Amino acid sequence: MSVVVIGGGPDGLAAAAVLASAGKQVTLLAPEDTLGHTSAGLEFHPGFRHTGVFPDADNLSTLAASALRLDTHGLTRVSVHDVTVCTPGRDPLTLGPPRTPALVGRVLPFLGKQLVAPAPDLTDGASLVPLIGPALGFRRLGAADMMELLRVAPLSVDDWVAEWEDDPIVASAHMLPALRGAWMGPRGPTSAGLLLLDLARRGAPVRGGPAAVVAALEAAATSAGATLRAGAGVSQVTLDGGRVTGVILESGETLAATAVLSTVGPRRTLMDLVSARELPPRTEGRIRTVRCRGSMAKVHLALAGPLIPTGCSAAPERVRIVGPPTALERAWDDVKHGRLPQSFMPLDIAQPTVADPALAPDGQHVLAVTVPFAAQDIDGGWTEDARKTLLDGVLSSLESVAPGARDLVVGHEVLTPSDLERTFGLDGGHLIHGELGLDQLGPLRPAHGLARHRVDEVPGLWLGGMGCHPGGWTGGAGGVLAARALLAG
Ligand SMILES: Cc1cc2nc3c(=O)[nH]c(=O)nc-3n(C[C@H](O)[C@H](O)[C@H](O)COP(=O)(O)OP(=O)(O)OC[C@H]3O[C@@H](n4cnc5c(N)ncnc54)[C@H](O)[C@@H]3O)c2cc1C
């Protein structure tokens, strides 16, 4: 059986490794010159590199790590990074672990298991046997924890965190990561559930960040015998009589395959790579409504010296600049209303050169700044002026906690959601190929009838990647689960 895997991000690489290890003839195709996609470390200014468009690799799924034995391919973990929390007019503090109620410790293992298991099959006539395990796991939490989980998950993260954290700045710092990939601010109902999922996903970070995850996955796929082709974008998945026959590359080359597993995003795969004429109406109807609105930007800064916020004795590796939850919600309001950020901009920052000085020239530094609230569809679009305003907002935020930061900047790269769409082909500029929301999770991710990776109405086509269950992040789990589903037929 010959399988084409489309996409060279962590999930594509993980899928290729699993399929090749099972003896399939696998060809992975990706348009970029360097495999890894947003996870690859790239030079963004002469002499300055980041370790991946996203800075952290603490979400690497235990599933991918163990299924592919990534430790044998050079992957090592480091201890959790200290996060320095800054807010204007107050001394910085080191963020400790969240003081969540004891319930959380008991519930996370249950949630963690759901994140490495296939999505439940809820189609008519499906066997109920696979549902017994999760149902028993839930029941075993006991009545009190079950009820508390059912109470907490639909809450807003602002309301829930306020129950156990008195300091609003610390509260904001804890809730910020949970909102990545969601179309909501801290007062959005169900955002507490997203924080629980985020905590369940998180583990020890990988040494070398996402770029190191990519290197290990690439080694696993290559040593299993997969052919990895960079610089090979796919323009079409070909069908004959509704069944997959292969792909046509952007170069015009055709490749025959008995199965195609795509990790480019479910909506893009079905709406763009399969011809609209050939996509069965039921599948088309299900995928068309998937929401995929980018709400985050990234700015890379090349600095002449380290960023040291006022009150810090040394350059921190991770910094979160936040205001109280109200300020986060206001920043979200700008996204909601399609406006450029109007006031104080919360930021999530990595300074990877603290751990790895080789990423920049001697004594100089890299800042990888995530702007958690930046709409894809701002009024007037992302013009050059709008991009300058975004950069200026980032620099003002940095100045507010580290006066002089602006003068350290010797180079920059601004990636608005629109740039992320154009440069990386991310559907809607959305970082995980589909918003996280109750109706786009688990058996509904990406949509009803598609969560188990198989596209029933297009035999031979399989969906993997972060737009599918278990959703986002660098886990590789979406690729592993899709590959296993394909192998199981
Ligand atoms: C700004 C930003 C911040 C992020 N922050 C974090 C973070 O802090 N922590 C974290 O864990 N994750 C973060 N992520 C998410 C992370 O990038 C993803 O989890 C990870 O990349 C998932 O990998 P994937 O393989 O599913 O998808 P992708 O990495 O998107 O890979 C998709 C692949 O499909 C390819 N492709 C697209 N079109 C075609 C085509 N026509 N033909 C062939 N190939 C095609 C792409 O080129 C790419 O190789 C962030 C993402 C972004 C964009």
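## Helix packing, a sheet and some unusual backbone spots

Helix H3 (residues 102-114) packs against helix H5 (residues 143-152) at an angle of about 90°, and their axes are 10 Å apart. That angle makes H3 roughly perpendicular to H5. The model is predicted. Two packed helices are described by the angle between their axes and the distance between the axes.

Which residues make the contact between H3 and H5? From H3 come Leu103, Arg106 and Val107. From H5 come Asp145, Glu148 and Leu149. By class, this contact of H3 with H5 has three nonpolar and three charged residues, and no polar ones.

**The sheet**

Now to the strands. Five of them form an open sheet, in the order S7-S2-S1-S11-S17. The pairing is parallel. Which strands stand at the edges? They are strand S7 (227-229) and S17. Each has a single partner strand, so one side of each is left without a neighbour in the sheet. From one strand to the next, the twist averages 20°.

Strands of a sheet pair through backbone hydrogen bonds, either parallel or antiparallel. Look at one pair here. Strand S2 (residues 25-29) and S7 run parallel and are joined by three bridges. Leu29 has Arg229 in S7 as its bridge partner.

**Around the ligand**

The ligand has 37 residues around it. Which of them come nearest? They are Gly7, Gly9, Asp11, Phe54 and Leu431. Helix H1 (residues 10-21) gives the most to this shell, with three residues. By class, the shell has 17 nonpolar, 16 polar and four charged residues.

**Unusual backbone spots**

Most residues other than glycine have a negative phi, and most peptide bonds are trans. The table lists four places to check against that.

| Place | Feature | Value |
|---|---|---|
| Arg69 | positive phi | about 45° |
| His433 | positive phi | about 60° |
| Arg445 to Pro446 | cis peptide bond | omega near 0° |
| His469 to Pro470 | cis peptide bond | omega near 5° |

Start with the phi angles. Arg69 is not a glycine, yet its phi is positive. Arg69 sits in the loop between helix H2 (62-67) and strand S5 (83-87). Is Arg69 buried or partly exposed? Arg69 has 13 other C-beta atoms within 10 Å, so it counts as partly exposed.

His433 is not a glycine either, and its phi is positive. Its place is in the loop between H15 and S17. His433 has 30 other C-beta atoms within 10 Å, so it is buried. The cut-off for buried is 20 or more.

Next, the cis bonds. Pro446 follows Arg445 through one of them. Pro446 is in the loop between helix H15 (417-424) and strand S17 (461-463). Pro470 follows His469 through another cis bond. Pro470 lies in the loop between S17 and helix H16 (477-488).

**A closer look at Pro306**

Where is Pro306 found? It is in the loop between strand S12 (297-303) and strand S13 (318-321). Pro306 has 18 C-beta neighbours inside 10 Å, so it counts as partly exposed. Leaving aside neighbours within four places in sequence, Pro306 is in contact with Ala315 and His365.

Thr423 is 117 residues from Pro306 along the chain. The C-alpha atoms of Pro306 and Thr423 are separated by 29 Å.

Notes
Residues numbered from 1 in each chain as written. Predicted model: local features only at pLDDT ≥ 70, side-chain atom pairs only at ≥ 80, totals over all residues. Near = placed C-beta within 6 Å. Helix = DSSP H or I, 4+ residues; strand = E, 2+ residues; numbered from the N terminus. Nonpolar A, V, L, I, M, F, W, Y, C, P; charged D, E, K, R; others polar. Axes fitted to C-alpha atoms, helices over the stretch in contact; angles between N-to-C directions. Parallel < 35°, antiparallel > 145°, perpendicular 65-115°, else oblique. Contact = placed C-beta atoms within 7 Å. Buried ≥ 20, exposed ≤ 12 C-beta atoms within 10 Å, placed from the backbone. Pairing = 2+ DSSP bridges.
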